[in-house]
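Hi there,

Here is the structure I promised to send over. Have a look at it first, and then read on for what I found.

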Amino acid sequence: MIPYIDLKAQHRDIRDELTEAIGAVIDSAQFVLGPAVERFEGGFAEYCGARHAIGVNSGTTALHMALLALDIGAGDEVIVPAHTFIATAFAVRYVGAKPVLVDIDPDRLTMLPSAIEAAVTARTRAVIPVHMHGQMADMDPIMEIAARRGLAVIEDAAQAVGASYKGRPAGSVGAVGCFSFYPAKNLGACGEGGALVTSDDALARRLRGLRDWGQLTRGVHELPGYNFRMDGIQGAALGVKLRHLPAWTEARQRIAAEYDRAFARAASPRVVLPRPCPDGAHVYHHYAIRTPDRDALRRHLDGRGVQTAIHYALPVHLQPCLADLGLGPGTFPNAEAATAAILSLPIYPELAPSDVQRVVDAVVEGVHANG
Ligand SMILES: *Cc1c(COP(=O)(O)O)cnc(C)c1O
């Protein structure tokens, strides 16, 4: 069996470091924020090339807080790509604003910059490019349109920690970058977690207040805030894992290159490989191939002991909870084509090269059987 993801393997390698760091939090009893979170925030801000990192309790919270901090609410519109995890659109709903969906670039699978302009109205306040599968959106044209139309740019970098675009790290390009440390993400907590990064001092101060019941000074609630704080244990675990992240990212990139080479040797026209753009570094949160008979291939791989995943089976505009947007099938052809064909193959730093070849053999056998 080749699992889709193997977190136990990751934790076997760093178990002593993790238990020591978590044990220190237990000994100190600083379970909410505290020094372990502060140390992680310092390291994470530096890693992302930003002045500030603010640790919170999930990636969804990070997106929600970015919108709150920018005063986006009822009557406002926020532009979101149709191909993303549902949380991007939900965060817009949480503040009472309207998610305005746009199609994606068919190769890059991120927000199509040319679709933004047509979606902007007098009510548009922000745009949320999502760095899907580990590759950053095409940020230059997005930043240009946003500047011209007076929109804030919030990066959903939940899948792209460590990725870059023209030398700039994910999260450092827009006004604020949002990260998830859900355990299966490239940098995962031992539970839930998230962070925002920004180089705007005033915005960082607001975010620190918002996550902690609006307190900028202890006991004085200046903002209508929330309890969105990061746990000390998660800060400790993330601090340990952040040290390993560069090596893990390199391993993911090496495995992706092995997949690329093995698929190139097999030369199957029915398998479309991920298309990393030369303008940045892809961190392969997913190695997402596209193939016409996806569901049959997935069943075939299951029978061969190769677990896969689908990110995501339905585009955002066809999710039942957003039916009130009135966007039926055919609205965003690129997002619909991607979700119909996409299949994520196992990729994680501990995946053995021999397993990569086994996966490729099973995929090639499967697409031939189907086609
Ligand atoms: C994982 C993810 C989120 C949500 O993060 P959580 O930590 O699970 O709340 C948001 N956006 C994208 C693109 C994601 O992949």
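Below are some notes on the whole chain, then on three helices and two single residues.

A word on the ground rules. This is a predicted model, so please keep in mind that local features need pLDDT of at least 70 and side-chain atom pairs count only at pLDDT 80 or more, while totals for chains, interfaces and linings use all residues. Residues are numbered from 1 along each chain as its sequence is written, and side-chain values use heavy atoms, leaving out hydrogens and water.

The whole chain

There are 11 helices and 14 strands in the chain; these are DSSP runs numbered from the N terminus, with helices being H or I of at least four residues and strands being E of at least two. The chain is as compact as a globular protein of its length, because its radius of gyration is 21 Å, close to the 21 Å that the globule rule gives for 371 residues. (That radius is taken over C-alpha atoms, and the rule is 2.2 Å times the number of residues to the power 0.38.) Along the principal axes, the C-alpha atoms fill a box of roughly 65 × 55 × 35 Å.

Of the 371 residues, 56% count as buried, where buried means under 20% relative accessible area, exposed over 50% and partly exposed in between, with a 1.4 Å probe and protein chains only. Contacts (heavy atoms within 4.5 Å) reach far along the sequence: among those with a separation of 6 or more, 71% are between residues 24 or more positions apart.

Helix α6

Helix α6 spans residues 139-149, and its buried residues are Met139, Ile142, Ile145 and Ala146. They sit on the same side of α6, because they cover an arc of only 135° around the axis. The arc here is that of the directions from the helix axis to the C-beta atoms. Their cover includes α5 (113-119), β4 (124-127), β5 (152-156) and β6 (164-165). Just after α6, glycine 150 has a positive phi of about 70°.

Aspartate 140 is also part of α6. With a relative accessible area of 31%, aspartate 140 is partly exposed. Apart from neighbours within four places in sequence, aspartate 140 is in contact with Tyr165, Lys166 and Arg168. The C-alpha atoms of aspartate 140 and lysine 166 are 9.2 Å apart, with their positions 26 residues apart along the chain.

Helices α9 and α10

In α9 (residues 294-303), the buried residues are Arg294, Ala296, Leu297, His300 and Leu301. Viewed down the helix axis, they fall within an arc of 160°, so they line one face of α9. Arg299, Asp302 and Gly303 are exposed on the other side of α9. Glycine 305, just after α9, takes a positive phi of about 75°.

Helix α10 (residues 333-341) has Ala335, Glu336, Ala338, Thr339 and Ala341 as its buried residues. What covers them includes α9, along with β13 (287-290) and β14 (342-345).

Arginine 39

Arginine 39 belongs to helix α2 (residues 35-47). Is arginine 39 buried or exposed? Arginine 39 is exposed, with a relative accessible area of 62%. Although arginine 39 and alanine 236 are 197 residues apart along the chain, 8.4 Å separates their C-alpha atoms.

Best wishes
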